[in-house]
Amino acid sequence: QGVRGARVWARRGGRACEGASASPSPPPPPSSFSATASFRIASRRSLSTGVKLLVVDGYSKQGRDDLKAGGASEAGILYKRMLNTIIRKEISGGVDPTVDIVYPADEEVPLSVSALKSYHGVAWTGSSLTIYEDEPQVHRQIEFARKVFEAGTPQFGSCWALQVSVMSAGGTCGKNPRGREIGFSRKIMLTTEGMAHPMFQGKPPVFDAFTSHFDEASSLPVGASCLAGSWHTSIQACEVKYLNGTFWSIQYHPEYDLHELARLLYCRSPGLIEQGYFIDEADAKRYIETLELVHEDPGRKDLIWQLGLDSDILDEDIRQIEVSNWLRMILK
């Protein structure tokens, strides 16, 4: 079904992406904008005192506590770990960056536009919140994204981040009519724009990725481009240009590995059983244990075959290439 659906999506030309700019949007930015201009602004921030990044953890305190109770990492810590690893390995010659974490779902972030300009980039995590709910913990995050856009500091993020990027610039999001997408997003396909975009340099044109979401971007704002999609979720990646900044975002989770996915499924297993993804607790336990076994022993060819996994999931360099490309762009 995934292959057939991906072909159907391709034949339709990513129709949801093409019509995205018809969405109503906030008042236009006060000046002209280009993505390269935004990255030039970022690159002028001095690297002489080291790399400085801000991670926005989109979870509420209750959401973070739920993850920890199930043995999963907090999203902000997981993102910080990924950024540190990539920068040490590929960019800074083993030197750790300064990575601050903020929690706007809990309280307003006390950072001015001027303070945000001191960061080389802002990275957003996922969240268990619902982007279109009329709640202060959601509104604070949308407003904070707009403030970062105003500062011109480049943004990147996963899942919730894509929805924040779209909503903050005037697009719309809603519940995915095809239902929950969890575990692995299959046959994500780059659009024509995506194949030419620097975020996907070195990425296969069709790939699988870790995922967990109910909602999706339903229309993109003016100044945005759809970079990837799939049969299940039409907008799997996008670039949003707004005010003085640019936001690269993906609906999937490069920060996950098989262990983190296993722990997330453990946390979500009651709902997954109710929704029919697992027959019962024993079924969920077997699947979760299989993920953990492959994580501990990547040589388990039998289990890798049963799970339908390939290097786009198992090879960290391929899985996280979008993050690496973003970091290279903002730090060059």
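Let's start with helix 5. Buried in this helix are Ala 75, Gly 76, Leu 78, Tyr 79, Met 82, Leu 83, Asn 84, Ile 86 and Ile 87. Keep in mind that this is a predicted model.

Look at the spacing in that list. An α-helix has 3.6 residues a turn, so residues three or four places apart point the same way.

Is the length of helix 5 what we should expect, or not? Here is the check. Helix 5 has 17 residues, and at 1.5 Å a residue they should span 24 Å. The end C-alpha atoms are 23 Å apart, so the two agree.

Now the sheet. Nine strands form an open sheet. The order is 2-1-3-4-11-10-9-6-7, with mixed pairing. Which strands are at the edges? Strand 2, residues 98-102, and strand 7, residues 206-213, each of which pairs on one side only. From one strand to the next, the twist averages 25°.

Back to helix 5, residues 75-91, which packs on this sheet. Helix 5 touches strand 1 (52-56), strand 2, strand 3 (121-124) and strand 4 (155-158). Its direction makes about 150° with that of strand 1.

Helix 7 also meets strands. It lies across strand 1, strand 3, strand 4, strand 10 and strand 11. Against strand 3, helix 7 runs at about 155°.

Next, strand 10. Five of its six residues are buried, so strand 10 is largely enclosed by the rest of the structure. What are its partners? On one side, strand 9, residues 224-229, pairs with strand 10 in the antiparallel sense over four bridges. There, Ala 224 stands opposite Val 240. Strand 11, residues 245-250, also pairs with strand 10, residues 237-242, in the antiparallel sense, over six bridges. Cys 238 stands opposite Ser 249 of strand 11. Lys 241 has Thr 246 as its bridge partner.

Strands 10 and 11 form a hairpin with two residues between the strands. In that hairpin, Leu 243 takes a positive phi near 50°.

Last item: helix 7 against helix 8. Helix 7 covers residues 136-151, and helix 8 covers 160-168. They pack at an angle of about 70°, with their axes 9 Å apart. That makes helix 7 roughly perpendicular to helix 8. Who makes the contact? From helix 7, Val 138, Gln 141, Ile 142, Ala 145, Arg 146 and Phe 149. From helix 8, Trp 160, Val 164, Ser 165, Met 167 and Ser 168. The contact residues divide into seven nonpolar, three polar and one charged.

Conventions. Residues numbered from 1 in each chain as written. Predicted model: local features only at pLDDT ≥ 70, side-chain atom pairs only at ≥ 80, totals over all residues. Heavy atoms only, no water. Axes fitted to C-alpha atoms, helices over the stretch in contact; angles between N-to-C directions. Parallel < 35°, antiparallel > 145°, perpendicular 65-115°, else oblique. Contact = heavy atoms within 4.5 Å. Nonpolar A, V, L, I, M, F, W, Y, C, P; charged D, E, K, R; others polar. Pairing = 2+ DSSP bridges. Expected span 1.5 Å × (residues − 1). Buried < 20%, exposed > 50% of the residue type's maximum accessible area, 1.4 Å probe, protein only.
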